[in-house]
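Let's take a walk through this protein together. Have the structure open beside you and follow along at your own pace.

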Amino acid sequence: MIAFKNKRPLLQTGHCVISDYDATWLEDVLQQAADSAGVNLPFRGEIAKAILIYLEEQCPLHAVPLDYLFQRISNMLRQAGLPRIADHLRLQTPPVVVNLHEIAEKSPLPLFFFNELEQHLAQLRRLGLTTYEFAGVESCSKLLGDRQRSCPTQRRMLDELNAFLEQHETSL
């Protein structure tokens, strides 16, 4: 197996450093800013790749504060003639994957699971991480519903879990 060293600098936010980020995250950030500004941005992929090329090849820092990176992106958008998008650029961390199945294995009863998940997300927020991707939703609902396959009980648990996650996304 051959492993290539990632030449991107670490992103620093709060007490965390993030090494796992890519063009997709930057494209999403740019698209959200364009949507907020009411502007069409068909070349967001090229802008995201240009940012990554800068970070990999020309950035002299080993760790870049996230707010500094967003300030630089905003300045670059203004210089490129996209001030409305720059005005709507919102600082956000790359998404952190939260494995719900692992949490459910530790706390298989719904009452304890939701409490544990709430504490886990609060811990991530204290560290400065505010964007999440939830993995293992289906298998988590089966574990919490004490089911091996899909059934009405499991679907109710899945609906409850999705409602909880939706509520958490809107509260950020």
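Start at leucine 11: its bridge partner in strand E3 is valine 64. Keep in mind as you look that this is a predicted model. Leucine 11 also has a bridge partner in strand E2, namely isoleucine 18. So what do these strands build? An open sheet of 3 strands, in the order E2-E1-E3, with mixed pairing. E2 (16-18) and E3 (63-65) stand at the edges with a single partner strand each, so one side of each has no neighbour in the sheet. From one strand to the next, the twist averages 35 degrees.

The mixed pairing is easy to follow if you take the two pairs in turn. E1, which covers residues 10-13, is joined to E2 by 3 bridges, and these two strands run antiparallel. E1 and E3 are also joined by 3 bridges, but that pair runs parallel. Helix H3, residues 66-79, packs on the sheet and touches E1 and E3, with its direction at about 75 degrees to that of E3.

Now look at the turn that links E1 and E2. The hairpin has 2 residues between the strands, and in it glycine 14 takes a positive phi near 55 degrees. Right beside this turn, threonine 13 stands opposite cysteine 16 of E2.

Which side chains of E1 are buried, and which are not? They alternate: Leu11 and Thr13 point to one face and are buried, while Leu10 and Gln12 point to the other face and are not.

Let's stay with threonine 13 of strand E1 for a moment. Its relative accessibility is 13%, and because the cut-off for buried is under 20%, threonine 13 counts as buried. Setting aside neighbours within four places in sequence, threonine 13 is in contact with Ile18, Leu66, Thr93, Leu127, Gly128 and Leu129.

One name in that list, Thr93, is worth a visit. Where is threonine 93? In the loop between helix H4 (83-87) and strand E4 (96-99). This loop residue is buried, at a relative accessible area of 2%. Again leaving out neighbours within four places in sequence, threonine 93 is in contact with Thr13, Ile18, Trp25, Leu66, Gly128, Leu129, Thr130 and Thr131.

From here, hop over to leucine 26, which sits in helix H1. Leucine 26 and threonine 93 are 67 residues apart in sequence, yet in space their C-alpha atoms are 9.9 Å apart. Leucine 26 is buried too, with a relative accessible area of 1%. Not counting residues up to four places away in sequence, leucine 26 touches Ala48, Ile51, Leu52 and Ile73.

Several of those partners bring us to a pair of helices. Two packed helices are described by the angle between their axes and the distance between the axes. Here, the axes of H1 (residues 23-37) and H2 (residues 44-58) come within 9 Å and cross at roughly 125 degrees. H1 and H2 are therefore oblique to each other, and their crossing is right-handed. On the H1 side, the contact is made by Ala23, Leu26, Glu27, Leu30 and Gln31; H2 brings in Arg44, Gly45, Ile47, Ala48, Ile51 and Leu52.

Next, move along the chain to helix H7, residues 137-144. Which of its residues are buried? Val137, Cys140, Ser141 and Leu144. These four cover an arc of only 100 degrees around the axis, which puts them on the same side of H7. The spacing fits a general rule: an α-helix has 3.6 residues a turn, so residues three or four places apart point the same way. Just after H7, aspartate 146 takes a positive phi of about 55 degrees.

Finally, zoom out to the whole chain. It has 8 helices and 5 strands, and from the N terminus on the elements run β-β-α-α-β-α-α-β-α-α-β-α-α. The C-alpha atoms fill a box of roughly 55 × 40 × 30 Å along the principal axes. Of the 172 residues, 37% count as buried. Among contacts between residues at least 6 apart in sequence, 66% join residues at least 24 apart. The contact between threonine 13 and Thr93 that you met earlier gives a picture of this.

Key: Residues are numbered from 1 along each chain as its sequence is written. This is a predicted model: local features need pLDDT of at least 70, side-chain atom pairs count only at pLDDT 80 or more; totals for chains, interfaces and linings use all residues. Side-chain values use heavy atoms; hydrogens and water are left out. Buried means under 20% relative accessible area, exposed over 50%, partly exposed in between (1.4 Å probe, protein chains only). The arc is that of the directions from the helix axis to the C-beta atoms. Contact means heavy atoms within 4.5 Å. Two strands pair if DSSP finds at least two bridges between them. Axes are lines fitted to C-alpha atoms, for helices over the stretch in contact, and angles run from 0 to 180 degrees between N-to-C directions. Angles under 35 degrees count as roughly parallel, over 145 as roughly antiparallel, 65 to 115 as roughly perpendicular and the rest as oblique. A crossing is left-handed if the near helix is turned anticlockwise from the far one by less than a right angle, and right-handed if clockwise.
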